[in-house]
Amino acid sequence: MNSLLSGSLEQKLRGIVGGDHVITDPSRLLVYESDALTGYRWPPRAVVLPASTAEMAAVVRLLHGAGIPMTPRGAGTGLSGGALAPTDAVILGTARMTRILSLDPVNRVARVQAGVVNNRLSDAARPHGLYYAPDPSSQPVCTLGGNIAENAGGPHCLKYGVTSRYVTGLTVVLSDGEVVELGGAGRDPEGRFDLVGLFVGSEGCFGMATEIEVRLLPLPEGVRTLLAIFATIEEAASAVTAIISDGLLPAALEILDSATIKAVEASVFAAGYPKDAGAVLVVEFDGTDAGLDADADRAATLCQAAGAREVRRATTAAERAALWKGRKVAFGAFGRLAPDLIVQDATVPRTKLTEVLHRIGAIGEKHGLKVANVFHAGDGNLHPKLTFDRRNKEELARVDAASKEIMAACVAAGGTITGEHGVGIDKRKYMTLVYGPAELDAMRDAKRVFDPAGLMNPGKVIPDPEPREEP
Amino acid sequence: MSTPAGTVLAGLLPAEALRAPGDVEEWTVGGAPPEAVAEPSSVEEIKVVLAAAAASGFSVVPLGARTDPGPEPPRGRFVVLSTRRLAGVEDYQPADLTVTARAGTMLATLGGALAERGQWLPVDPPFTPGKTLGGLVATGAAGSLGMAFGTPRDHVLGLSVVTGDGRVLHLGGRVMKNVAGFDLVKLMVGSRGTLGVVVSASLRLFPRPMEERAVVLEGEGPGALLDAARRVATAGVVPASAVLMSPGPGGGGSALVVRVQGAGAAVEADVGKLLGPSLGLAASLRGTEAQRTFEAVRDHAARHTLVLRGFALPGLLAEVLSAVQDAVPVAALAADVMSGRVRVGVESGVEAASLTRLRARLEALGGSLVVERGAPELLAGFPAYGSAGKAAELGRALRVRFDPLGVLSPGRFET
């Protein structure tokens with residue numbers, strides 16, 4: 001089969017970005033047919049890889065003229081299918097937009113192209129005593145463009161907040177090819193609409209971000225990490241509540257449940273967690289070195305009071321890495337247990353954690369599924385993991401049913417359907433659990449302002465409107 | 001002649017939801033008196049006011065405690081919608097570090113409830129305790145704590161608003177992390193009553209610091225303290241705030257005030273670094289004395305009849321200060337060393353042309369100039385916010401979507 005693009009359009013695109021950077025060969029397009037949500041396979045019509053804002057704008061203008069929908073894509077690590085190209089869309093990739101344009105240590109801002117990998121920015125900032133705070137688990141590979149599309153989180157959000165807090169400015173290509181500058185670290189963020197804040201988390205539906213300006217933070221002077229080992233998840237959760245109620249503000253509070261511990265310890269990633277533990281809690285403090293030992297002592301005491309049978313402490317970087325290891329590899333460790341894994345994502349009020357975890361356990365049991373949990377306990381962000389084999393259609397149906405019930409349980413507890421992975425295509429069907437028709441209409445309105453043609457990442461985030469009943 | 005707005009509303013609202021006609025003078029916006037001041041106590045009453053405005057040809061300007069009503073006079077006939085009677089904490093969950101309260105709740109009241117549980121909302125725009133929660137959300141006003149803790153845009157987890165055409169939207173939620181759908185909460189925060197009337201808001205909270213200190217260095221003029229301000233950034237201390245103020249808290253000269261927070265040992269270490277030989281900051285205040293200093297830092301430049309807010313990258317502070325001093329007679333100044341925000345209280349007698357020149361100089365530095373408060377005559381010749389190009393166009397299109405009848409705060413962001 002030949003290209004799905006018309007010959008002249010393809011030629012024009014090659015003229016803009018260079019011959020090698022328009023991918024139409026079906027075998028090469030296979031790479032782009034799914035993201036980290038592996039349940040869907042949608043091959044795009046073509047992939048275009050511009051190297052600059054100007055090239056991106058020219059490409060978008062051309063596709064807009066031909067009425068072709070476009071889907072922005074970074075590293076393809078998204079877990080909600082947001083970077084999949086629906087209905088013959090062309091993927092706008094950022095693989096060639098990998099330049100750090102400026103890094104200003106005095107003002108602590110950096111400007112990067114959208115394809116710069118999260119960790120690379122922190123690596124570049126470190127010699128200046130700075131780093132980029134948001135740290136999604138995929139940070140060794142995920143791009144900042146993807147991070148702003150999803151408003152990415154990470155383990156350290158409890159103290160430092162999510163991506164939107166760090167994005168100060170954006171260069172955006174709208175669906176008609178117009179280039180727009182939003183915000184800027186030197187511009188007063190008050191006294192005008194926060195279009196940067198609105199754009200962050202819009203999952204590629206408002207436009208294509210090509211350049212991103214972010215705020216950097218000074219590296220903390222010191223870090224202390226604790227690992228507390230508990231017999232039950234309830235004890236671990238009560239330790240988290242005790243730590244927060246005590247007025248401590250850890251940089252991270254992460255819990256792994258027994259199913260996750262067993263998976264990690266049985267894998268090549270074994271982190272030395274006790275296999276019979278019901279839960280482990282990672283607690284991290286950072287800041288002025290002089291205060292950290294007191295904070296860590298206090299947290300250790302609170303963990304012990306909550307029933308911890310052991311509290312391990314790390315001070316050196318190597319010791320820290322050892323304590324974090326199991327958390328960092330928690331998803332990969334499931335690879336040997338089942339062919340497929342769904343990592344769910346939802347947030348509940350922290351005080352409802354135990355209740356919701358029980359509910360999730362019961363839902364798994366009801367559907368005959370294994371559910372393991374890793375979560376950002378400090379901010380109530382849960383990641384239940386369901387293992388299955390997608391070749392087993394009957395099991396797949398049970399996974400779908402359980403996922404839906406888990407979402408409903410989180411919403412019923414006062415939470416929401418996604419804390420950091422986004423809606424994409426996977427969770428559109430759950431949007432009505434949290435929003436009514438008025439809110440969904442308002443979101444559609446906001447999209448129309450940025451993308452009146454409806455060409456940017458169609459079919460994502462917002463469910464199709466209910467058909468109106470005839471009077 | 002059209003029927004006066006007060007008469008229209010009197011026929012639609014209970015008596016207690018309308019202020020006496022004699023009271024309206026103190027509710028002027030940009031020098032213009034409203035025809036009436038409505039004080040609805042429910043979403044239904046807000047919808048009644050908005051619908052009446054659309055039907056009878058007047059507009060609605062939502063206001064909280066009037067600490068920052070904005071300098072621009074509304075275009076045409078208008079009423080003020082005060083949120084005073086929409087007050088009270090609805091749901092406070094200390095163990096979740098979240099609270100939900102109605103728009104008219106005073107921040108002093110809210111702060112008191114939070115303090116009882118050892119928590120706080122770390123925001124300090126001018127006149128903070130006297131602001132309402134709705135006003136904080138609508139203005140998105142950040143203070144000097146913004147760089148360390150985030151601004152209202154980061155703290156607001158969810159909102160209930162009534163749009164200009166009377167739709168009630170429940171946006172966001174009550175959890176710390178939420179990416180379900182487009183972030184309309186961010187759009188609403190700071191939209192200053194142009195997209196909707198804030199009814200209630202859910203916020204994330206922080207544990208109160210165990211201890212606070214004000215580390216102060218006094219000097220002749222703000223320029224003399226710039227070096228010290230720069231060294232704070234490299235001293236290995238991450239302060240809660242650092243502000244150059246003139247006059248100093250004592251009423252004369254200038255001062256650099258650094259706010260240090262934390263547990264005992266960390267505070268001692270940070271204060272030591274700031275007071276040490278390399279920085280030479282002079283005094284460390286605690287307790288009431290420190291709090292009084294922070295209040296002076298927060299409010300003193302905003303107390304004047306003309307208040308400007310300049311902004312540029314913090315590394316350009318020297319250039320911004322000299323541009324300000326060249327352009328206007330400065331009565332009081334507070335320069336946030338961490339964010340680059342410079343609030344200037346100005347003596348009277350400033351020409352629009354001077355402000356135009358100042359704005360041009362700040363824009364040439366990549367910055368901006370906003371008028372927070374000023375005489376209507378001055379603003380007739382100087383737009384309060386300045387232009388924002390395509391972003392302004394997108395903003396206007398969003399207004400049409402959320403307020404299709406143009407009922408809310410016409411004139412805001414336009415003059």
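This passage describes the interface, nonpolar cores and one sheet of a predicted two-chain model. Residues are numbered from 1 along each chain as its sequence is written, and chains are lettered from A in the order in which they are written. In this predicted model, local features need pLDDT of at least 70 and side-chain atom pairs pLDDT 80 or more, whereas totals for chains, interfaces and linings use all residues; side-chain values rest on heavy atoms, without hydrogens and water.

The contact (heavy atoms within 4.5 Å) involves 85 residues from chain A and 70 residues from chain B. About 6200 Å² is buried between the chains, 60% of it on carbon and sulfur atoms (accessible area lost on being put together, 1.4 Å probe, summed over both parts). On the chain B side, B:Lys177, B:Val179 and B:Phe182 lose the most area to chain A, together 16% of what that side buries. Eight salt bridges cross the interface (a side-chain nitrogen of Lys or Arg within 4 Å of a carboxyl oxygen of Asp or Glu). B:Lys273 and A:Glu221 are joined by a salt bridge, at 2.9 Å from N to O.

The largest nonpolar core (buried Ala, Val, Leu, Ile, Met, Phe, Trp, Tyr and Cys residues joined through side-chain atoms within 4.5 Å; buried, under 20% relative accessible area, 1.4 Å probe, protein chains only) has 177 residues. Among the members touching the most others are A:Leu170, A:Met431 and B:Leu244.

In chain A, four strands (DSSP E runs of at least two residues; paired by at least two bridges) form an open sheet, ordered β1-β2-β4-β3 with mixed pairing. Strands β2 (residues 46–48) and β4 (residues 90–93) of chain A run parallel, joined by three bridges.

How values were computed. Buried < 20%, exposed > 50% of the residue type's maximum accessible area, 1.4 Å probe, protein only. Buried area = accessible area lost by both parts, 1.4 Å probe.
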